[in-house]
Amino acid sequence: MSEQQPVFSIEKIYVKDLSLEIPNAPRIFLEREAPEVNIQLHTKGERIDEGMYEVVLTTTVTAKVKEKTMFLVEVQQAGVFQIRHVPEADLDPVLGIAGPTILFPYLRETVSDVVTRAGFHAVILNPVNFEALYYQGKQQPDKDAKAPEAPENIDDTQKITH
């Protein structure tokens, strides 16, 4: 009697939601100062059917000069994955690490493309170690019980210079 082999396959990768705001256009294009860019990242995985799961990787990128918002981009990059014959205990890490790792390059390309098409210098998201974020999220005490399915949150502010 042999055990069935685990199955993990990508069924579909797609942009689930995309928004761009340039609240101070057209005057914001006259700014010469380098913007401060804040990047937030959030992951979520859920079962959508027998053996089928959706993972959504969401990022919000906000660029500001002083108190003025240059642009705000929010992207939900999603994927449908077939996952079968994986022990229940291993399912959460697959959804929290493997899914986001596969989706991240697509998310990064979408953000860069949208920001460039909006008339700004490209924002290239730095690589993310989803495994470290996943286990870091599991280590934190459950003081904020609102999102137990998504411990992989990152908030990164950086100064972008061109």
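**Exercise 1. Find the side chain that makes a polar contact with Gln4, and place both partners in the fold.**

*Solution.* Start with the contact itself: the side chains of Gln4 and His85 are joined by a polar contact of 2.9 Å. Keep in mind that this is a predicted model.

Next, place the two residues. Gln4 belongs to the segment ahead of strand S1 (7–21), while His85 sits in the loop between S4 and H1.

Now check the accessibility. Gln4 has 55% relative accessibility, so it counts as exposed, the cut-off being over 50%. His85 comes out at 39%, so it is partly exposed.

Then look at the backbone. The C-alpha atoms of Gln4 and Val86 are 9.4 Å apart, though 82 residues separate the two along the chain. His85 itself has a positive phi of about 60 degrees despite not being a glycine.

**Exercise 2. Work out how strand S3 is paired on each side, and whether its residues are mostly buried or exposed.**

*Solution.* Take S2 to begin with. Strand S2 (residues 36–49) pairs with S3 in the antiparallel sense, over 13 bridges. To get the register, use Asp49, which stands opposite Met52 in S3. The two strands make a hairpin with two residues between them, and Gly51 in that turn has a positive phi of about 75 degrees.

Now the other neighbour. S3 and strand S4 (residues 68–84) run antiparallel and are joined by 14 bridges. Here you can fix the register with Val55, whose bridge partner in S4 is Gly79. This hairpin also has two residues between its strands, and Lys66 takes a positive phi near 55 degrees.

Finally, burial. Of the 14 residues of S3 (residues 52–65), 13 are buried, so the strand is largely enclosed by the rest of the structure.

**Exercise 3. Pick out the backbone oddities at Lys66 and at the bond between Ala25 and Pro26.**

*Solution.* Recall the background: most residues other than glycine have a negative phi, and most peptide bonds are trans.

With that in mind, go to Lys66, in the loop between S3 and S4. Its phi is near 55 degrees, positive in a residue that is not glycine. Lys66 has a relative accessible area of 62%, so it is exposed.

Then check Pro26, in the loop between S1 and S2. The peptide bond joining Ala25 to Pro26 is cis, with omega about 5 degrees.

**Exercise 4. How many aromatic pairs does the structure have, and what is the geometry of Phe8 with Phe81 and of Tyr134 with Tyr135?**

*Solution.* A search of the whole structure turns up five pairs. For Phe8 and Phe81, the ring centres are 5.4 Å apart and the planes lie at 15 degrees, so this pair is stacked. Phe8 is in strand S1 and Phe81 in strand S4, so the pair ties together parts 73 residues apart in sequence. As for accessibility, Phe8 is partly exposed at 37%, whereas Phe81 is buried at 1%.

For Tyr134 and Tyr135, the centres are 5.0 Å apart with planes at 85 degrees, so the pair is edge-to-face. Tyr134 is buried, with a relative accessible area of 4%; Tyr135 is partly exposed at 41%.

**Exercise 5. List the buried residues of helix H2 and say where they fall around its axis.**

*Solution.* In H2 (residues 130–139), the buried residues are Phe130, Leu133, Tyr134 and Gly137. Looking down the axis, these buried residues fall within an arc of 100 degrees, so they line one face of the helix. The spacing rule helps here: an α-helix has 3.6 residues a turn, so residues three or four places apart point the same way. At the start of H2, a side-chain oxygen of Asn129 comes within 3.1 Å of the backbone nitrogen of Glu131.

**Exercise 6. Which members of the largest nonpolar core touch the most other members, and what surrounds Phe71?**

*Solution.* The core has 31 residues, and Val61, Phe71, Phe104 and Leu125 touch the most other members. S2, S3, S4, helix H1 (88–117) and H2 each supply at least two residues. H1 gives the largest share, eight residues.

Now zoom in on Phe71. Beyond its neighbours within four places in sequence, its contacts include Leu20, Val61, Val115 and Phe120. Phe71 also forms one aromatic cluster with Phe29 and Phe120.

Key:
Residues numbered from 1 in each chain as written. Predicted model: local features only at pLDDT ≥ 70, side-chain atom pairs only at ≥ 80, totals over all residues. Heavy atoms only, no water. Buried < 20%, exposed > 50% of the residue type's maximum accessible area, 1.4 Å probe, protein only. Helix = DSSP H or I, 4+ residues; strand = E, 2+ residues; numbered from the N terminus. Pairing = 2+ DSSP bridges. Polar contact = N/O pair within 3.5 Å; in protein donor to acceptor, adjacent residues only side chain to side chain. Arc of directions from axis to C-beta. Phe/Tyr/Trp six-rings, centres within 6.5 Å; stacked < 30°, edge-to-face > 60°. Core = buried A, V, L, I, M, F, W, Y, C linked by side-chain atoms within 4.5 Å. Contact = heavy atoms within 4.5 Å.
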